[in-house]
Amino acid sequence: MSSGKTLLLFLAALGAVLLIPELGLAQAPSIPKLTMELAAGQAEPNEVSTLLEILFLLTVLSMAPAIMLTMTSFTRIIIVFHFLRQAMGTQQMPPNQILASLAIFMTLVIMYPVGKTVNDTALQPYMNEEIQFQEALDRAQKPIREFMFKHTREKDLSIFYSITKEDRPQNKEEVSTLMLVAAYTISELKTGFTIGFLIYIPFLILDMVVASILLAMGMMMLPPVMVSLPFKILLFILIDGWSLLIGSLVNTFQ
């Protein structure tokens with residue numbers, strides 16, 4: 001049902017976009033104006049609450065890229081992809097757009113259980129007016145915090161508490177989300193660099209072998225990277241590198 005509603009909304013929006021130019025030709029051009037105002041002494045408490053919720057949702061949407069980068073698996077995946085490209089020496093192949101798109105779709109797959117839990121426990125009950133906005137927000141944070149706690153090192157978390165001079169938490173519930181996000185990002189950077197280092201080793205060995213052979217043959221003017229590149233691509237194809245890499249990356253989040 002939700003996919004059907006989404007498709008209907010998409011078709012309605014597409015139809016509106018296609019019809020707007022035609023309507024503009026038939027009548028005088030006019031610029032639509034969207035206003036949001038709150039009259040003093042006339043608004044009901046529910047209207048004020050609804051207005052604040054809308055402003056909060058707009059703020060969250062504006063921060064969606066930052067949330068994607070710092071609270072999901074995207075950081076680790078994109079770092080590993082770039083290390084792989086540098087290790088193979090393929091310059092800009094695959095392009096940045098391809099790597100970023102693949103990282104986004106992998107992030108959606110990995111974060112699907114978390115998103116499903118948020119939808120079932122927080123979003124749907126709130127849309128059905130079964131819970132209040134604050135309770136929905138608290139419920140939505142729990143699965144996301146559990147995911148980040150699972151992949152956050154305690155050492156990284158303690159660093160930020162040392163910087164802010166705050167009291168150390170006694171349990172996970174006392175850890176603020178702001179501190180958790182910062183520590184999770186640092187942990188993901190370390191994990192991504194560790195995986196990138198392991199990826200570099202076999203390609204580095206191949207470069208050293210090719211350089212030694214060229215030196216023994218007296219071909220010192222020929223760049224070893226140029227000779228080793230086809231062999232590295234062939235090695236990556238023979239071991240089915242993309243499937244192996246993506247499968248291993250997904251397993252690191254299990």
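I213 counts as partly exposed, because its relative accessibility comes out at 46%, and partly exposed covers values between the 20% and 50% cut-offs. Keep in mind that we're looking at a predicted model here. To find I213, go to helix 9, which spans residues 177-216. I213 doesn't sit out there by itself, either: together with F197, L198, I201, I205, V209, M217 and M219, I213 forms a nonpolar patch on the surface. Taken together, the residues of this patch have about 760 Å² of accessible area.

Now for a residue with the opposite label. F149 is found in helix 7, residues 133-150. With a relative accessibility of 15%, F149 counts as buried, since the cut-off for that label is under 20%. F149 also gives us a link across the chain: F149 and V181 are 32 residues apart in sequence, while their C-alpha atoms are 9.3 Å apart in space.

F149 leads on to a pocket as well. Rolling a probe the size of a water molecule over the atoms shows where empty space is left. The second largest pocket has a volume of about 270 Å³, and F149 is among the lining residues nearest its centre, along with E154, L157, P169 and V175. In total, 13 residues line this pocket.

So what kind of lining is it? By residue class, the lining of the second largest pocket divides into five nonpolar, four polar and four charged residues. As for where the lining comes from, helix 8 (residues 154-164) gives the largest share, with four residues.

Definitions and conventions: Residues numbered from 1 in each chain as written. Predicted model: local features only at pLDDT ≥ 70, side-chain atom pairs only at ≥ 80, totals over all residues. Heavy atoms only, no water. 1 Å grid on protein atoms, 1.4 Å probe; cavity = no way out; pocket = protein on both sides within 12 Å on 5 of 7 lines; lining within 4 Å. Points joined across faces, edges and corners; volume = space filled by probe spheres on them. Helix = DSSP H or I, 4+ residues; strand = E, 2+ residues; numbered from the N terminus. Nonpolar A, V, L, I, M, F, W, Y, C, P; charged D, E, K, R; others polar. Patch = residues over 30% accessible without salt bridge, like charges linked within 9 Å, V, L, I, M, F, W, Y side chains within 5 Å. Areas by Shrake-Rupley, 256 points an atom, 1.4 Å probe, with all protein chains shown as cover. Salt bridge = Lys/Arg side-chain N within 4 Å of Asp/Glu carboxyl O. Buried < 20%, exposed > 50% of the residue type's maximum accessible area, 1.4 Å probe, protein only.
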